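Here is a walk through a few spots in this model, taken one region at a time. Keep the structure open alongside the text and click along.

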Amino acid sequence: MTYKIGIDVGGTFTDFLLTEEDGTSHIYKVLSTPKDPSIATIQGIEEMARDRGLTTEEFLGQVSTIVHGTTVTTNATLTYTGAKTGLLTTKGFRDALEMRRGIREEQYNNRFPNARPVVERYLRLPVAERVDYKGDVVEPLDEGSVRAALAEFRNEGVEAVAICFMNAFANPAHERRAAEIVRDELPGAFLSVSTEVVPAIRFYDRVSTTALNAYVGPVLTRYLQSLIRKLEGLRYQGILLIMASNGGVISPEAAMDKPATTLLSGPAGGPVAGLAFVRGQGYEDCITCDMGGTSFDVALVKDGKPLTTTEGSINRLRISLPMLNVVTIGAGGGSIGWIDEGGLLRMGPQSAGADPGPACYGRGGELPTCTDADLVLGYLDPAFFAGGRMPLDLEAARRAIDEHVARKLGYTVEEAAAGMYDVINVSMAAAVREIAVNNGYDPRDFPLVTAGGAGPNHACMIALELGIPVILVPRESSIFCAAGMLRSDLKHDFVRSYPARLDEFDRDRFRALCREMRDEGVRQLAAEGIPEDRVETHVVLDLRYVRQYHEVSVEVPWDEALAADPEAFAARFHPQHDALYGYNLAEKGTPVELINVRVTTVGRTDKPRLAPEPLAGEDPSPAFKRSRSAYLPREKRFADVPVYDGMKLRHGNRIAGPAIIEQVNTTTFVTPEFSVVVDPLGTYTLYLKEREDEILRRVLG
């Protein structure tokens, strides 16, 4: 027997998906260990081994691949617990990290605080040098100023050094020489060089990304080295891969070399998993949402590809590496309910996390959370949470809601719990609306793939808020990102700036840049065991109208890129600009300008097989467990609702809402407006009852 394991380390739970050669999968969850996430990782592997009557070493001897998503760099950035970092930058530009692009995030709020840089000002030291926009040296590098700055870093105990010089993307010579000096003077420091991390135009974007890369480098390196040592101690001989923010996987060495590529590692697996499940019903588009214990992550897949961005941010800090376009808000099962100074009920972003957790966990938590509200409203069975391994304390949940919410609002406990449920649902619906509308799409045109341990309990109300008619809840929804990680390909991104009008650009230079980046990607994939016949190349051009401030990223096929036809590039750009901004200037003949050329090389990996089930008929009664009282949100009342065992539902089974579908690791609440049919992959397809004929044709044929 050969196994593969996907691991997603979350704020509350660490999720595992174990797959066998025939496509059979097994779900595991353990409480996360924030002080050292690798502890929970090994605990989950040990549990898998025990279930098979094997020692951990014997079990790992049968595991061929482990794909690991980590929040180590994310948490270090959010909590400002990264390495002590120093920045070497061109004299006169040390404050760019705080000045940013010079645009205030809230233009009419004079009290809105600036984002806190990850490098303190006294550690941002100027270097005498200057290169112009064409790459010509205006002022030679003063090596003495580099050494003087490094002496200060040494005295201050700096662990990581970032180097970012003005216009280095046009001529990296000064950065390369400064890097050589750093390696000589501070050999133990983590080194981040802008022209190695993101050699692209726009100084703030480049310096912010380079500083973040340095800031999280030592943290990720220590974590991965610890994990590798533990796996080696257990005689693991298989492949270890790390989930990257771009939706692909990379080797641990590549992750440690460029740690900023993992800043959104955790949620990046979600869209990959969502696409696999919706394709079972013939869709190529979907919106995925993953509600875990701490956060709610939303992404959009269009035409079989998750949307990506090169203008992402984390904690309001720019990160210009390609990453999946994921909207994340602080809304999860552990989100705390509180009353603000204006007397309004809020949910999150504060979270009870894994320790102490919601009040109902009985681990010392005293504040009311979303999970406590779901329990009071009857959506969760206190005796069946985590399959009964973790009984919930209903009275503790009621006390917490009563003390901190109900009394302050003059509500009953049930009314307060219903209010908490409504508030968090509206917040999550706003995040779904944002990912769609900001990219020029209507959320009603996409099926909503809902995941996470808490997500399916809230899916119907999110969909009703937005008018979305179809929801898919995969059986693996509670470990959604872990499932996506096992279906991800190896992926490497490259960028080169080449500012030029399309009617004036040098075609030979353009082709050379594309080939240079592709060849580098092929070499990296070859080192990771991917032959060239399994490599795909994707080209994206950052284009804009002349004198515009923002670019539009336009994908072009590899053959079209090598043809270097400016009219073909412009023909792709105009309609995409129109979809995003509501107009295009094609008829006016406004010139189009190229800014960056981006190449992604993808190494195709073997995916776990999704095994379809035979049609079992409409009757769900073999899965019926009992009925219990649950709150119906739109009717504002409690009613007896049938409860079904999700693992006993089979392809073709149909359920009319209201209903509750229970699994060991998640619960799905079906409101009265929806019905359910189970598809061949075991996915629960929830649909508005007036759409029944259409959905049944799609699912049942």
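## Thr-195 and its surroundings

Thr-195 has a relative accessible area of 16%, so this residue counts as buried. Bear in mind that we're looking at a predicted model throughout. Thr-195 sits in helix α7, and that helix covers residues 194-197.

What does the side chain of Thr-195 pair up with? It makes a polar contact with the side chain of Glu-175, at 2.8 Å. Glu-175 also turns up among the contacts of Thr-195 once neighbours within four places in sequence are set aside, together with Ala-168, Phe-169 and Pro-172.

## The second largest pocket

Thr-195 is a good way into the second largest pocket, since Thr-195 is one of the residues lying nearest the pocket centre, along with Glu-196, Val-197, Pro-199 and Arg-496. The pocket's volume comes to about 1,100 Å³, and 47 residues line it. By type, that lining splits into 23 nonpolar, eleven polar and 13 charged residues.

Which elements build the lining? At least two residues each come from α6 (173-185), β10 (190-193), α7, α9 (252-257), β25 and α16 (507-527). Strand β25 gives the most, with nine residues.

## Ser-497 on strand β25

Staying with β25, which spans residues 490-501, we find Ser-497. Is Ser-497 buried or exposed? Its relative accessibility is 11%, so Ser-497 is classed as buried.

The Ser-497 side chain has two polar partners worth clicking on. One is the side chain of Asn-596, in a polar contact of 2.6 Å. The other is a backbone atom: the nitrogen of Ile-201 lies 2.6 Å from a polar atom of the Ser-497 side chain. Ignoring neighbours within four places in sequence, Ser-497 is in contact with Phe-169, Pro-199, Ala-200, Ile-201, Arg-509, Ile-595 and Asn-596. Phe-169 is a contact of Ser-497 and also of Thr-195, while Pro-199 links back to the pocket as one of the residues nearest its centre.

## The nonpolar cores

In soluble globular proteins, nonpolar side chains tend to be buried together. Here, the largest nonpolar core has 88 residues, and Ile-66, Leu-88, Val-161 and Ile-163 touch the most other members. Helix α8 (residues 203-233) supplies the largest share of this core, 14 residues. There's also a second, separate core of 76 residues, which includes Ile-287, Leu-375, Ala-623 and Ile-660.

For a look inside the largest core, try Leu-88. Beyond its neighbours within four places in sequence, Leu-88 is in contact with a long list of residues, including Leu-125, Val-127, Val-146, Leu-150, Phe-153 and Val-182. Val-161 and Ile-163 are among its contacts too.

## A buried arginine

Arg-124 lies in strand β6, which runs over residues 124-127. With a relative accessibility of 1%, Arg-124 counts as buried, charged side chain and all. Which acidic side chains does Arg-124 reach? A polar contact of 2.6 Å joins its side chain to that of Glu-98, and another, of 3.4 Å, joins it to that of Asp-95.

Arg-94 is part of this neighbourhood as well: the C-alpha atoms of Arg-124 and Arg-94 are separated by 5.7 Å, although the two are 30 residues apart along the chain. Leaving out residues up to four places away in sequence, Arg-124 touches Leu-87, Arg-94, Asp-95, Leu-97, Glu-98, Pro-117 and Val-119.

## Two buried loop residues

Tyr-379 belongs to the loop between α11 (370-376) and α12 (394-409). Its relative accessible area is 0%, so Tyr-379 is buried. The Tyr-379 side chain reaches the backbone oxygen of Tyr-631 at 2.7 Å. Among the contacts of Tyr-379 outside its sequence neighbours within four places are Asp-374, Tyr-421, Asn-457, Arg-628, Tyr-631 and Phe-669. Ile-660 is another of those contacts, and Ile-660 is included in the second core.

Asn-653 is in the loop between β30 (637-645) and β31 (654-656). At 4% relative accessibility, Asn-653 also counts as buried. What does its side chain reach? It comes to the backbone oxygen of Asp-619, at 3.3 Å. Setting aside neighbours within four places in sequence, Asn-653 has contacts that include Gly-617, Glu-618, Asp-619, Pro-620 and Lys-648, as well as Val-676, Val-677 and Val-678.

Technical notes
Residues numbered from 1 in each chain as written. Predicted model: local features only at pLDDT ≥ 70, side-chain atom pairs only at ≥ 80, totals over all residues. Heavy atoms only, no water. Helix = DSSP H or I, 4+ residues; strand = E, 2+ residues; numbered from the N terminus. Buried < 20%, exposed > 50% of the residue type's maximum accessible area, 1.4 Å probe, protein only. Polar contact = N/O pair within 3.5 Å; in protein donor to acceptor, adjacent residues only side chain to side chain. Contact = heavy atoms within 4.5 Å. 1 Å grid on protein atoms, 1.4 Å probe; cavity = no way out; pocket = protein on both sides within 12 Å on 5 of 7 lines; lining within 4 Å. Points joined across faces, edges and corners; volume = space filled by probe spheres on them. Core = buried A, V, L, I, M, F, W, Y, C linked by side-chain atoms within 4.5 Å.
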